[in-house]
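Here is a short briefing on one protein structure. Keep the 3D view open as you read.

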Amino acid sequence: MAVGTAAALLAALGGILWLAARRFVGSSVQRLHQGRDSGLMRGKTVLITGANSGLGRATAAELLRLGARVIMGCRDRERAEEAAGQLRREVCPAGGPDSGPNSGGAGELVVKELDLASLSSVRSFCQEMLQEEPRLDVLINNAGVFQCPYMKTEDGFEMQFGVNHLGHFLLTNLLLGLLKSAPSRIVVVSSKLYKYGDINFEDLNSEQSYNKSFCYSRSKLANILFTRELARRLEGTSVTVNVLHPGVVRTNLGRHIHIPLLVRPLFNLVSWAFFKTPEEGAQTAVYLASSPEVEGVSGRYFGDCKEEELLPKAMDESVARKLWDISEVMVGILK
């Protein structure tokens, strides 16, 4: 009995050490993407939706370090101001943008209220942006809802489709004029889970049936179709748009997923070993927002800072155009 217990403990210890080694090696690989010019984004304005936590916060921190002026578009202003204060202390320890030798030439943070579950909030936000901002160099559509119970946005849309696709669809369209004022980039955050989604034009609002996993995948497929159709419409302009998947990342996005209490320790260990940190997951968004390597590249799908292939259903031009036309009506761009 004692021998068996000892063997089990040794096996468990060996497994933990192996997982730890894997996590260290994985982190080292990701750090290769972080050796960027500290002034690469100086003088550029970047808008990031959902920038107060997770991937959005990590993306904001990295672009801030590169000298960008970062606008945090967030639903909860209080939480966003708190996150902005933390970021300023982390990235600009001297107390502000370019405030001395300790600031490292870091950029500036601006907080604006934006609720993507409300089309009126999106319109108000964009009106404020157009009035106050002379230019917008990068738009990062990052905010998202993941596998929530069935609920609707303020305008009556299924929440995941409404926030992940429709809210960003309206936001991007209303800011296109500002984006066209200078060579600019649009970065859309999707997910590998798009592979399990389908665009059902007969039930986009999931009123006939609702599966939270399928609806999330559908919204992420919509992100890709939107990106490709927008790239087609922007051909010949100075605006590029690309879409990415960040990989499996440890964030609070999965807060609606129930994990049994007894399983949580094992889940936490597995997520620590196999999931990316938000900083690692943000690298592809930062790459697409800042790297000279993708200047002029548009309509592509990226993962781990490399272009990846898409399934045929994500490249269906007729579906992309139909989704665009229907989305225009749903958000009120066309009556």
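The points below cover a sheet, the helices that lie across it, a helix pair and one loop residue. The model is predicted. Its open sheet has eight strands with mixed pairing.

**The sheet**
- Strands of a sheet pair through backbone hydrogen bonds, either parallel or antiparallel.
- The strand order here is β3-β2-β1-β4-β5-β6-β7-β8.
- β3 (108–113) and β8 (306–307) stand at the edges. Each has a single partner strand, so one side of each lacks a neighbour in the sheet.
- β1 (residues 45–49) and β2 (residues 69–74) pair in the parallel sense, over five bridges.
- Threonine 49 stands opposite glycine 73 in β2.

**Helices across the sheet**
- Helix α2 lies across β1, β2, β3 and β4 (138–141). α2 runs at about 170 degrees to β1.
- Helix α4 (residues 119–132) lies across β1, β2 and β3. α4 runs at about 140 degrees to β3.

**The α2 and α3 pair**
- The axes of α2 (residues 54–65) and α3 (residues 77–91) come within 10 Å and cross at roughly 40 degrees. That makes α2 oblique to α3.
- The crossing of α2 and α3 is right-handed.
- From α2, Arg57, Ala60, Ala61, Leu64 and Arg65 meet Gln86, Leu87, Glu90 and Val91 of α3. The residues of this contact divide into five nonpolar, one polar and three charged.

**A loop residue**
- Asparagine 205 is found in the loop between β5 (184–189) and α6 (212–233).
- Is asparagine 205 buried or exposed? Asparagine 205 counts as buried, because its relative accessibility is 12% and the cut-off for buried is under 20%.
- Leaving aside residues up to four places away in sequence, asparagine 205 touches Tyr150, Lys152, Gly156, Phe157 and Glu158.

Conventions. Residues are numbered from 1 along each chain as its sequence is written. This is a predicted model: local features need pLDDT of at least 70, side-chain atom pairs count only at pLDDT 80 or more; totals for chains, interfaces and linings use all residues. Side-chain values use heavy atoms; hydrogens and water are left out. Axes are lines fitted to C-alpha atoms, for helices over the stretch in contact, and angles run from 0 to 180 degrees between N-to-C directions. Helices (H or I, at least four residues) and strands (E, at least two) are DSSP runs, numbered from the N terminus. Angles under 35 degrees count as roughly parallel, over 145 as roughly antiparallel, 65 to 115 as roughly perpendicular and the rest as oblique. A crossing is left-handed if the near helix is turned anticlockwise from the far one by less than a right angle, and right-handed if clockwise. Contact means heavy atoms within 4.5 Å. Ala, Val, Leu, Ile, Met, Phe, Trp, Tyr, Cys and Pro count as nonpolar, Asp, Glu, Lys and Arg as charged, and the others, Gly among them, as polar. Buried means under 20% relative accessible area, exposed over 50%, partly exposed in between (1.4 Å probe, protein chains only). Two strands pair if DSSP finds at least two bridges between them.
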